[in-house]
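Hi,

Here's the structure I promised to send over. Have a look at it first, and then read on for what turned up.

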Amino acid sequence: MKNFKEWISERVAKSSNKSFSPISKRVKLHQPFYALSDEQFLKVKIADENDVDSILKIERLCYEGQMPWNRTAIFHEIRYNKNAFYIILYDDEEPVAFVGTWFVAHEAHITNIATVPSYQNKGIATYLLKEIIRVALEEEIGKVTLEVRVSNNTAQSLYRSLGFIDGRIKSRYYANNHEDALEMVRVLVQEPGETVNEG
């Protein structure tokens, strides 16, 4: 799990003093469904406390029974963290995918994105990433960031196809096996005087 207090402290100093209501209460989804085909649709919703167990179920299915974020962490994110924004997809009552993001200052940081194996390669992750980018643009956010395992070439290819560029390597980033992470950035609004490292 990421250390939210450490991460946010670097960014709050850059933000204005404007008081914001929780991100999950301010924004609306583009549409309440995602079409897998002409006849099959998934329900899309902004996650609330009732979706915590569903998010944990998706994690278990995606990470071989492991849960990178436990129930306490997910519950705290959704109930108390006004900067956290989660989208979850269901097939009838079965949870199939979710994305979690922190919206702080001028950055939307994707903390986790997962699709259960039986629903992968159907464009769901692409849809979720595009929805986060859309929300970020509406919120006048300057960039979307994330980390990905250096060994996860499939995910890196997806992110690059959506305009993310490579950033720095974070050494021994992942707690379970100490694998390095690649930071990736999708610039939405170029700030005056800022340059982007194209790698």
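Let's start with one residue: in which strand is the place of D91? It belongs to β3, the strand covering residues 84–91. Keep in mind that this is a predicted model.

D91 is a bit of an odd one. The residue is buried, yet it has no salt bridge. K122 is the nearest side chain of opposite charge, and that is 8.6 Å away; a salt bridge would need a nitrogen and a carboxyl oxygen within 4 Å. What D91 does have is a polar contact, side chain to side chain, with Y119 at 2.5 Å. Leaving aside residues up to four places away in sequence, D91 touches Y119 along with Q40, L42 and V96.

Now on to β5 (residues 107–115). Nine of its nine residues are buried, so the strand is largely enclosed by the rest of the structure.

What does β5 pair with? On one hand there's β4 (residues 94–104), which runs antiparallel to β5 and is joined to it by eight bridges. V104 and E107 are bridge partners there. The two strands make a hairpin with two residues between them, and A105 in that turn has a positive phi of about 55°.

β5 also pairs with β6 (residues 143–149), this time in the parallel sense, over three bridges. One of the partnerships is A108 with V144. To get from β5 to β6 the chain passes through helix α5 (residues 124–138), giving a right-handed β-α-β crossover.

Happy to go through any of this with you.

Cheers

Methods: Residues numbered from 1 in each chain as written. Predicted model: local features only at pLDDT ≥ 70, side-chain atom pairs only at ≥ 80, totals over all residues. Heavy atoms only, no water. Buried < 20%, exposed > 50% of the residue type's maximum accessible area, 1.4 Å probe, protein only. Helix = DSSP H or I, 4+ residues; strand = E, 2+ residues; numbered from the N terminus. Pairing = 2+ DSSP bridges. Right-handed = clockwise from strand over helix to strand, strands pointing away. Lys, Arg positive; Asp, Glu negative; His and termini not counted. Polar contact = N/O pair within 3.5 Å; in protein donor to acceptor, adjacent residues only side chain to side chain. Contact = heavy atoms within 4.5 Å.
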